Amino acid sequence: MPSEGRCWETLQALRSSDKGRLCYHRDWLLRGEDVLEECRSVPKLSSYSGWVVDHVLPHMQENQPSSETSESSRSTSDLEQPSCVPKSPVRTPAFSPVSSATADGAEDKRESQHAEPMALQSSRGIKVEGCIRMYELVHRMRGREGLRQWQEEQERKVRALSEMASEQLKRFDERKELKHHKEFQDLREVMEKSSREALGHQEKLKAEHRHRAKILNLKLREAEQQRLKQVEQERLRKEEGQVRLRGLYGLQEEVLHLNQQLDASEQHKDVLKVDLSAIRTRGNQLCGLVSGIIRATSENGFPTAEDQAVAERALQEMRDLLTSLQQEIARACEDKRRQDLEAQVKRQDSHMQQGPEVHRETPAPSQGPGGKQNEDLQVKVQDSTMRWYHQLQDVSSQCVLAFEELTNSKDSQAKKVKMDLQKAATIPVSQISTIAGSKLKEIFDKIHNLLSGKPVQSGGRSVSVTLNPQGLDFVQYKLAEKFVKQGEEEVASHHEAAFPIAVVASGIWELHPRVGDLILAHLHRKCPYSVPFYPPFKEGMALEDYQRTLGYQVKDSKVEQQDNFLKRMSGMIRLYAAIIQLRWPYGGRQQIHPHGLNHGWRWLAQILNMEPLSDVTATLLFDFLEVCGNALMKQYQVQFWKMILLIKEDYFPRIEAITSSGQMGSFIRLKQFLEKCLQRKEIPVPKGFLTSSFWRS
């Protein structure tokens, strides 16, 4: 249709126009109503008209065709009239460059797209253009303002949130602190409650304790009364026991005296018709019976009335035995006197009848079969040995007198010096054991330096014998006493300890001979069998004193048990046997041993020449031979084996004859040891003997 074609042409023309080429936003109405308001209002010149006149029109006039010059001039003249186009009062540098750049860009675009020159826009177009630009400016300003407000709003929100969070944190801390206070309050209430309960329980326990204490006090009082009663009974029992024990001692003394009288009747054996050996045997049995009762009561306590009755019966039997023997002797003497008188009367009668006197020789009494008399072993030690024994005891007594002033001094300084010297002398000896040889040498050097007058360290202080004029005598005596005590205690418990103790004692003995003499004196006093010496029972001597001289320990009238006594004697004999065969390896070998194996041979020979003691002799022989037998075998060889055979063949029967069935243990041990040695023809090296490897360690 013709009309429809014209519509499309119209639309195409509008699209090609300047207005059609403008870009419009569909939502521009939502941004404000100012543009429409301006369209609806009375037209008026824009405030940007001056800028348009100054910048846009001169450029457009240069490009306009000549045909339009008049029209353009007329328009320009119209626009330049002051009454029609007022200059804009606002010319900011911020907007001018942007507008200029926009205008130049639009102009270049239009020039590239359209060849025809652009006609000068009308005042309304300029106004619209200015409004558009103003709108854009205002929109940007609103955007900046909105952005600034939004930022401020966000900052306010952040501050508000921060303040709110801070407040919430404060509230949280307050709630937490309140919770802690509540928990603490609850805990304190629980503790107070438990404290009250504990106090109540404690009060209850105190009441129970007081009640129990009362009961216990009553029981303790009863127990104390019972104890006092028992103590009194024990005291009375001890007194009665002491009385009985003294009575037993008196009975034993009388029995021994009666037995001596029995022995004295030996001189009348020629006139007696009874067998004196049976009487002496019975007398010895009675003496052994009384001695056994006393030994048993000494080990177990005090004698009972039954023991006293047995001893009294034995004494009565001994008296009856002696009385009957004396009656037999008197009867025999009377018979002999009568026979002598009758013989004399007969001789006188024959003399009167025959006249001349006839002399007849009386034959000499016979000495027994073969003309030999049986000899018993000795009971007493040799005189030379006793002199040596007394000399050593004199040396010990003189040494004690030499430091008597130091011992009895009341001065605190002197007491301190005495204590320091005693520690310096005894502690190193106590430290000797089966340790390495280097450690043993340190101990030896310390003892040697102390005896030489050099200062040594003891207990963190420097000690020397020069601190007191009597210090050397005191140290020598205490040192010797400690060596013997180690044998009595340490060696008795650990037999291997005899050798390290002995080698140190031997070395000190070699350098300080007086210490060796004091060691022997202490050893002989505590163990008289090391002499060897059997102390005799002297008339008037108390039995306790006699037992002390035999080596027994007597405390509160109670004698130590036989096993403990033998153990101590064994330890001291082992120490003595080790000393006589060892020498200090770091000393000079030019000198001989101060107390060597020859003294061990002398001891063995003398003890075999003495009557054996039950349980004692067998024990000491075993200990001595086990420790020193190997050295004696190497030294004396054939003579030593002769001595061993003598022990086996002659001495064993004597020991067995005096040993009771309950004391055969030591005898059997000695017998088995010697039989094994004779079978192997060798005495084994003692256990714990110091070898060369010991000194290299």
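A search of the whole structure finds 24 salt bridges, each counted when a side-chain nitrogen of Lys or Arg is within 4 Å of a carboxyl oxygen of Asp or Glu. The structure is a predicted model, in which local features need pLDDT of at least 70 and side-chain atom pairs count only at pLDDT 80 or more, while totals for chains, interfaces and linings use all residues. Residues are numbered from 1 along each chain as its sequence is written, and side-chain values use heavy atoms, with hydrogens and water left out.

Several of these pairings are worth a look one by one. Side chains of opposite charge can pair when their charged atoms come close. In the salt bridge between R583 and E510, the N to O distance is 2.8 Å. R583 lies in the loop between helix 18 (562-579) and helix 19 (597-608), whereas E510 belongs to helix 15 (residues 498-511), so this pair ties together parts that are 73 residues apart in sequence. Helices here are DSSP runs of H or I with at least four residues, strands are runs of E with at least two, and both are numbered from the N terminus. Both R583 and E510 are buried; the term means under 20% relative accessible area, with exposed meaning over 50% and partly exposed in between (1.4 Å probe, protein chains only).

Helix 18 also takes part in a salt bridge of its own, through R574. The side chains of R574 and E626 meet at 2.3 Å, N to O. Since R574 lies in helix 18 and E626 in helix 20 (residues 616-636), the pair ties together parts that are 52 residues apart in sequence. R574 is buried at 5% relative accessibility, whereas E626 is partly exposed at 25%. Elsewhere, E488, K526, E560 and R568 are linked in a network of salt bridges.

A contact of another kind of spacing is found in helix 7. There, E174 forms a salt bridge with R171, and the closest N and O atoms are 2.9 Å apart. The two residues are three apart in helix 7, so about one helical turn separates E174 from R171. Both ends can be placed by accessibility: E174 is partly exposed, with a relative accessible area of 42%, and R171 is partly exposed at 33%.

Helix 7 spans residues 123-264 and also holds D186. Together with E183, E189 and E192, D186 forms a negative surface patch. Patches are made of residues with over 30% relative accessible area and no salt bridge, with like charges joined within 9 Å and nonpolar side chains (Val, Leu, Ile, Met, Phe, Trp, Tyr) within 5 Å. D186 itself is partly exposed, at 42% relative accessible area. Further along the chain, an unreviewed UniProt entry lists residues 206-241 as a "coiled-coil region", an annotation that may be inferred rather than shown by experiment. In the model, residues 206-241 are 100% helix and 0% strand, with the end C-alpha atoms 48 Å apart.

A nonpolar patch on the surface is formed by W8, L11 and L14, which together have about 370 Å² of accessible area, computed by the Shrake-Rupley method with a 1.4 Å probe. L11 belongs to helix 1 (residues 2-16) and is partly exposed, with a relative accessible area of 47%.

Finally, M664 is found in helix 22 (residues 664-680) and counts as buried at 17% relative accessibility. M664 and A618 are 46 residues apart in sequence, with their C-alpha atoms 9.3 Å apart in space.

Notes:
Lys and Arg count as positive and Asp and Glu as negative; His and the chain ends are not counted. The place of a charge is taken as NZ of Lys, CZ of Arg, CG of Asp or CD of Glu.
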